[in-house]
Amino acid sequence: MGLVAGELVSSLLGLWLLLCSWGCLGSAELRAPPDKIAIIGAGIGGTSAAYYLRQKFGKDVKIDLFERGEVGGRLATMTVRGQEYEAGGSVIHPLNLHMKRFVKDLGLSTIQSSGGLMGVYNGETLVFEESSWFIVNMIKLIWQYGFQSLRMHMWVEDILDKFMRIYRYQSHDYAFSSVEKLLHSLGGDEFLGMLNRTLLETLQKAGFSEKFLNEIVAPVMRVNYGQSMNINGFVGAVSLSGADSGLWAVEGGNKLVCSGLLQASKSNLISGSVMYIEEKTRTKHTGNPTKMYEVIYQIGSETRSDFYDIVLVATPLNRKMSNITFLNFDPPIEEFHQYYQHIVTTLIKGQLNSTLFSSRALDKFDLSTILTTDNSDLFINSIGIVSSVTEKDNPQPLTDRGYVWKIFSQEILTKEQILKLFLSYDYAVKQPWLAYPHYKPPEKCPSIILHDRLYYLNGIECAASAMEMSAIAAHNAALLAYHRWNGHTDMIDQEDLYEKLKTEL
Ligand SMILES: Cc1cc2nc3c(=O)[nH]c(=O)nc-3n(C[C@H](O)[C@H](O)[C@H](O)COP(=O)(O)OP(=O)(O)OC[C@H]3O[C@@H](n4cnc5c(N)ncnc54)[C@H](O)[C@@H]3O)c2cc1C
Ligand SMILES: *[C@@H]1O[C@H](CO)[C@@H](O)[C@H](O)[C@H]1NC(C)=O
Ligand SMILES: *[C@@H]1O[C@H](CO)[C@@H](O)[C@H](O)[C@H]1NC(C)=O
Ligand SMILES: *[C@@H]1O[C@H](CO)[C@@H](O)[C@H](O)[C@H]1NC(C)=O
C-alpha cells in the first residue's frame with residue numbers, strides 16, 4: 001500500500017517534472033506581460049522609465065509616452081548667436097552612474113565642465129576669491145575657514161558613499177515602494193533624519209562656523225537650488241557634491257539623452273497633454289474583464305483617450321506643472337500641492353562691469369563665476385561664463401568682445417538690472433522655470449504607488465531634484481511595476497539589503 005502510494009507520488013512527480021521541462025517553471029513565475037503601458041512626461045524621468053520598462057517587460061509591450069512640450073522637459077537649451085547653451089539641468093556628477101550608462105549605451109559624447117575661477121560676493125565686496133594656483137586656494141581656504149572645507153568634503157563623501165548603494169540594489173533588481181524606504185535602505189535613520197532637518201541645523205550641529213556656512217555653503221545652495229540653507233540636509237549634500245571636480249555634460253545638450261532613450265526604448269511618442277486618468281473595467285481580447293486605466297488627453301483642440309494596463313506619471317503633480325485630474329478613485333488620489341521654486345535662467349552676451357564686484361581694474365578681473373551670499377541684497381543668485389554644448393575647450397569670447405554669461409535670478413531681469421551688470425551687451429535670452437521643489441523640512445515625500453498599477457516618479461524630488469535622482473526613480477518604478485505585475489513581493493522593500501548583498505557575491 002505504502003509502496004504503491006509512494007510510486008504514484010513519484011510517477012506524478014516525474015510527470016510534473018517532465019511537463020515542467022517544457023517550460024512551466026518559467027511561466028509559473030511570470031504572468032503574461034501587460035499589453036500597454038503609458039508614461040506621462042518625456043523628461044529624463046519618463047524617457048529613462050521607458051528604457052527600463054522595455055528591459056524588464058520585453059519587446060511585445062506597447063509603450064506610449066505622452067509629452068505636451070518638448071522631449072527633455074527641464075533639460076533644454078537656449079540659442080545665442082547660433083550656439084546652444086544649457087538652460088535647465090546642466091552638470092552631471094562623475095558618480096551619477098545611470099546618466100553615465102545612458103550616454104555610453106546611446107553612443108553620445110561628454111564634455112568636461114570647464115573650471116574657471118570662482119568668487120563669492122556679499123553685496124559689498126568679494127568675501128572669497130579662488131586663485132588659479134591650487135596651492136594658493138588651499139592656503140586661502142585654510143586661512144579663512146580653518147579645515148572646514150576639508151571636513152565638508154568628507155561629510156559629503158560619506159553621504160555619497162552610502163548613496164551609491166542604490167546602484168548595487170538596482171542591478172540586483174530590488175525595488176522600493178516609497179521614497180522613504182529607498183532612502184532608509186541606503187543610509188538608515190541618518191538619511192531620513194536629513195529630510196527632517198534644515199541643512200543649516202545639520203551643519204551647525206556638526207560644528208561648522210557661521211562664516212564658512214554664510215560665505216561658502218549658502219552661495220552654493222543659491223546657485224544650485226535658488227534657496228537658502230533652510231533646505232533639507234539631503235538636497236544640501238547633493239548640492240555640495242556639485243562643487244566636486246569632474247563634473248560633465250552631454251555634447252550637443254543633455255536633452256539628447258532623453259530623445260536617445262525614447263528611441264532606444266522603441267516607445268511611441270504622443271505629443272499631447274494628459275488631462276484625466278480614470279480606472280475602468282474593459283473586456284480584453286482574451287475575453288476576460290480586466291481593470292485598466294483610461295488616459296484622456298488633448299492634441300490641439302481634439303480630445304482622445306486610450307486604455308492602459310500600467311501608467312507611470314513622470315512629471316511633478318500639481319496644477320501649475322502637470323494639471324492631471326484623477327477621476328473617481330476611491331479613496332481619492334491625494335493632490336500633493338508641492339510648491340516649486342521659480343527660477344529664471346538668462347543668457348547674456350556682453351562685457352561684465354566687474355567693478356560692481358571688485359575694485360580691481362577691468363582687465364585684471366579673472367573670475368568666471370560669481371556666487372552670492374544670502375544677505376547680498378543683489379537681484380541675482382549667480383552669474384558665470386558658460387560654454388556652448390559643443391565647446392570642448394574653455395569658453396572663448398565670441399568673435400567680437402564678450403563671453404556668454406549665464407545668470408540665475410528669482411525674477412525676470414529688467415533692462416536696468418542688465419545694464420547695471422554689463423558695460424555693454426548685444427544679446428539676451430531668458431527662460432523662466434518652475435525649477436525644483438521649494439524645500440521646507442520636515443519633508444513628507446509623495447507616494448510612489450498612487451493606485452494598484454499607477455506609479456509616480458517625481459516624489460523623489462522631495463529628497464533632492466537632479467537628473468540622476470529622476471533616473472533612479474525611473475529605474476525603481478520600472479522594477480516595482482514589474483515585480484508587482486508578477487507578484488514578486490520578495491523583490492520589494494527588502495530590509496538589510498546592504499548586508500545581504502555584501503555576502504552574496
Ligand atoms: C535651471 C535648472 C537647473 C538645474 N540644474 C541641474 C544640474 O545642474 N544637474 C542636475 O542633475 N539637475 C539639475 N536640475 C534639475 C533637473 O533638471 C531635473 O531634476 C530633471 O530634469 C527632472 O526631470 P523629470 O523628467 O523628472 O521632469 P521634467 O523634465 O520636468 O519632465 C516632465 C515632462 O512632463 C511633461 N508634462 C507635464 N504635464 C504633462 C501632461 N499633463 N501631459 C503630457 N506631458 C506633460 C512636461 O512638459 C515635461 O517635459 C536643474 C533644473 C533647473 C530647472
Ligand atoms: C521625521 O519627521 C516625521 C514627522 O514629520 C516623523 O514621523 C519621522 O519619524 C521623522 N523621522 C526621523 C528619522 O527623524
Ligand atoms: C487645469 O485643467 C482644467 C481642465 O481640465 C482647466 O479648466 C484649468 O484651467 C487648468 N488649470 C491650470 C492651472 O492650467
Ligand atoms: C560699473 O559699475 C560701477 C559700480 O556699480 C559704476 O560706478 C560704474 O559707473 C559702472 N560703469 C559703467 C561704464 O557703467
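Biologist: In this predicted model, what makes the lining of the largest cavity nonpolar, polar or charged in its residues?

Modeller: The lining divides into eight nonpolar residues, two polar and no charged. Gly459 and Asn476 belong to the lining, and Gly counts as polar by the rule used, as does Asn, since neither is among the residues listed as nonpolar or charged. Tyr456 also lines the cavity and counts as nonpolar because Tyr is on the nonpolar list.

Biologist: Which elements give two or more residues to that lining?

Modeller: They are α7 (179-196) and α13 (467-486). The most comes from α13, with three residues.

Biologist: Why is this space called a cavity?

Modeller: A cavity is a set of points where a 1.4 Å probe fits but cannot get out, so the name says that the space is closed to that probe. The volume of the largest cavity is about 70 Å³, and two cavities reach the cut-off of 30 Å³ or more.

Biologist: Which residues are around ligand 4?

Modeller: Asn353, Thr355, Leu356 and Leu423 are around ligand 4. This shell divides into two nonpolar, two polar and no charged residues.

Biologist: Why does the pair between Thr355 and ligand 4 count as a polar contact?

Modeller: An N or O atom in the side chain of Thr355 is 3.5 Å from an oxygen atom of ligand 4. The cut-off is within 3.5 Å, so the pair counts. For Asn353, a polar side-chain atom lies 2.2 Å from an oxygen atom of the ligand, and that pair therefore counts too.

Biologist: How much of ligand 4 does the protein cover?

Modeller: The protein covers 39% of the 360 Å² of accessible area that the ligand has on its own.

Methods
Residues numbered from 1 in each chain as written. Chains lettered and ligands numbered in written order. Predicted model: local features only at pLDDT ≥ 70, side-chain atom pairs only at ≥ 80, totals over all residues. Heavy atoms only, no water. Near = heavy atom within 4 Å. Polar contact = N/O pair within 3.5 Å; in protein donor to acceptor, adjacent residues only side chain to side chain. Areas by Shrake-Rupley, 256 points an atom, 1.4 Å probe, with all protein chains shown as cover. 1 Å grid on protein atoms, 1.4 Å probe; cavity = no way out; pocket = protein on both sides within 12 Å on 5 of 7 lines; lining within 4 Å. Points joined across faces, edges and corners; volume = space filled by probe spheres on them. Helix = DSSP H or I, 4+ residues; strand = E, 2+ residues; numbered from the N terminus.
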